[in-house]
Amino acid sequence: MDEIPDHLDHGLQIVFIGFNPSIRSGEVGHHYANPRNNFWRILHQSGLTPRLYDASEDGDLLKLGYGFTNIVARPTRGIDDITREEYQEGRELLRSKLEKYRPQVACFVGKGVYTEFSRRTKANWGFQGDVPPKVDGVREFVAPSSSGLVRMPMEEIVGIYRRLAEFTQEHDR
């Protein structure tokens, strides 16, 4: 199955970083395409997007200042299918992408994505101000996973993403 292309550019406010694409995303070639994934609803309800977007429109979010990538590019059924070697390679590639494009914020969609990248054992929701960022000048934000398997109430998830929306409104490039 083909990897899903990143949507990256210089001057982005936010780059959303996932673990890796789902099988459904791999089939259709778009980020967060699994119908049980709440990503697009979360973005809209939090105020990050002016309307509800569809996964097929993921490239259009570049116009809003948002990009997409993953720590591992290969689509799998779940994170248990990702090897240690893929994570190691993914950390290095992700750091290179962040250094090249330098978004204002690297938003890790899930604590596990952030801990894999940062090699930290714990993280709080929101901006990670207690440790230096892995890439100078790129603020790190940890948000809940948008997977339908997450047991956190949707209202709470949206509230965390709303903090990111408020930041982007205050720091509009």
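Which residues in α2 meet which residues in α5? We will work through that helix contact and then move to the sheet, keeping in mind that this is a predicted model.

## Two helices in contact

From α2, the residues are Ile42, Leu43, Gln45 and Ser46, and they meet Met154, Ile157, Val158, Tyr161, Arg162 and Ala165 in α5. Sorted by character, the residues of this contact divide into 7 nonpolar, 2 polar and 1 charged.

How do we describe such a pair? Two packed helices are described by the angle between their axes and the distance between the axes. Here helix α2 covers residues 39-46 and helix α5 covers residues 154-170; they pack at an angle of about 60 degrees, with their axes 8 Å apart. The two helices are therefore oblique to each other. The crossing of α2 and α5 is right-handed.

## The sheet

Now look for the strands. They form an open sheet of 5 strands, in the order β2-β1-β3-β5-β4, and the pairing is mixed. The edges are held by β2 (66-70) and β4 (126-127); each has a single partner strand, so one side of each is left without a neighbour in the sheet.

A little background helps here. Strands of a sheet pair through backbone hydrogen bonds, either parallel or antiparallel. The table gathers three of the pairings in this model.

| Strand pair | Sense | Bridges |
|---|---|---|
| β1 and β2 | parallel | 5 bridges |
| β1 and β3 | parallel | 4 bridges |
| β3 and β5 | parallel | 5 bridges |

You can also follow these pairings residue by residue. Between β1 and β2, Phe16 has Phe68 as its bridge partner, and Ile14 has Tyr66. On the way to β3, Val15 stands opposite Ala106. Further along the sheet, Val109 has the bridge partner Ala143 in β5.

Helices pack on this sheet too. Helix α4 (residues 111-118) touches β1, β3 and β5, and its direction makes about 140 degrees with that of β5. Helix α5, which we met above, lies across β1, β2, β3, β4 and β5 and runs at about 150 degrees to β5.

## Two buried strands

In a regular strand the side chains alternate between the two faces of the sheet. Strand β1 (residues 14-18) gives us a chance to look at both faces. On one side are Ile14, Phe16 and Gly18, on the other are Val15 and Ile17, and all of them are buried. With 5 of the 5 residues of β1 buried, this strand is largely enclosed by the rest of the structure.

What about strand β3, residues 105-109? Here too 5 of the 5 residues are buried, so β3 is largely enclosed by the rest of the structure. Val105, Cys107 and Val109 point one way, while Ala106 and Phe108 point the other way.

## A closer look at Val15

Val15 makes a good stopping point in strand β1. Is Val15 buried or exposed? Its relative accessibility is 2%, so Val15 counts as buried, the cut-off for buried being under 20%. Leaving aside neighbours within four places in sequence, Val15 is in contact with Leu8, Gly67, Phe68, Thr69, Pro103, Val105, Ala106 and Cys107. Compare that with Gly29, which is 14 residues away from Val15 along the chain: the C-alpha atoms of the two are separated by 18 Å.

## Two residues with positive phi

Finally, two loop residues deserve a look at their backbone angles. Tyr32 is not a glycine, yet its phi is positive, at about 55 degrees. You will find Tyr32 in the loop between α1 (23-28) and α2. Because its relative accessibility is 13%, Tyr32 counts as buried.

Arg102 is the other case: its phi is near 45 degrees, again a positive value in a residue other than glycine. Arg102 sits in the loop between α3 (84-101) and β3. Its relative accessible area is 40%, so Arg102 is partly exposed.

Conventions: Residues numbered from 1 in each chain as written. Predicted model: local features only at pLDDT ≥ 70, side-chain atom pairs only at ≥ 80, totals over all residues. Heavy atoms only, no water. Buried < 20%, exposed > 50% of the residue type's maximum accessible area, 1.4 Å probe, protein only. Pairing = 2+ DSSP bridges. Axes fitted to C-alpha atoms, helices over the stretch in contact; angles between N-to-C directions. Parallel < 35°, antiparallel > 145°, perpendicular 65-115°, else oblique. Left-handed = near helix turned anticlockwise from the far one by under 90°. Contact = heavy atoms within 4.5 Å. Nonpolar A, V, L, I, M, F, W, Y, C, P; charged D, E, K, R; others polar.
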